[in-house]
Amino acid sequence: HPPPERWLHLGRLLAAKLTGNSAAVSFDFLSLDPHDAIRIYHLYLPVYFWMHNFICEKHADDQRQQGAVAIGLSAPQGCGKTTLVTHLIDLFKSDGMTCAAVS
């Protein structure tokens, strides 16, 4: 499990993106709109941490693997897949990882 500091750091990055306020990077997460907090801490970050862990495990399992790890995401139309993936790409970039999306 990621340490609390990691949750807060990445949560702040997402809050800045969601609110369009770059000052949100230094905000107190308790002041975040409850709907945004739920999206960040109950959806975006758990999915990101799961994917990040999955990728790291795949690479650790096969030291010779040089290719990409593909992860599919399926959900009903209009539920926010594109928004989620947009934020996931930003999170992977912030960790120095390359990420691409195909729709």
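In the predicted model described here, helix H3 makes the greatest contribution to the lining of the largest pocket, supplying seven residues. This pocket has a volume of about 770 Å³, and of the 24 residues that line it, those closest to its centre are Ile71, Val85, Cys99, Ala100 and Ala101. The elements that give two or more residues to this lining are H2 and helix H3, the latter spanning residues 81-94. In chemical character, the lining of the largest pocket divides into 16 nonpolar residues, seven polar residues and one charged residue.

The second largest pocket has a volume of about 160 Å³, and its lining consists of His1, Pro2, Arg6, Trp7, Tyr48, Phe49, His52 and Asn53. Helix H1, which covers residues 4-19, and H2 are the elements that give two or more residues to this lining, and H2 gives the most, with four residues. The lining of the second largest pocket is made up of four nonpolar residues, three polar residues and one charged residue. Helix H2 is thus named among the contributors to the lining of the largest pocket and also among those to the lining of the second largest pocket.

Helix H2, which runs over residues 34-61, also holds aspartate 36. When residues up to four places away in sequence are not counted, aspartate 36 touches Leu18 and Thr19. Aspartate 36 has a relative accessible area of 15% and is therefore classed as buried, the cut-off for that class being under 20%.

These local features belong to a protein chain whose secondary structure comes to three helices and zero strands, so that the pattern read along the sequence is α-α-α, with helices defined as DSSP runs of at least four residues. Taken along the principal axes, the C-alpha atoms of the chain fill a box of roughly 45 × 35 × 20 Å. Of the 103 residues in the chain, 23% count as buried, and the accessible surface of the chain comes to about 7,100 Å², of which 56% belongs to carbon and sulfur atoms. Among contacts between residues at least 6 apart in sequence, 54% join residues that lie at least 24 apart.

Conventions: Residues numbered from 1 in each chain as written. Predicted model: local features only at pLDDT ≥ 70, side-chain atom pairs only at ≥ 80, totals over all residues. Heavy atoms only, no water. Buried < 20%, exposed > 50% of the residue type's maximum accessible area, 1.4 Å probe, protein only. Contact = heavy atoms within 4.5 Å. 1 Å grid on protein atoms, 1.4 Å probe; cavity = no way out; pocket = protein on both sides within 12 Å on 5 of 7 lines; lining within 4 Å. Points joined across faces, edges and corners; volume = space filled by probe spheres on them. Nonpolar A, V, L, I, M, F, W, Y, C, P; charged D, E, K, R; others polar. Areas by Shrake-Rupley, 256 points an atom, 1.4 Å probe, with all protein chains shown as cover.
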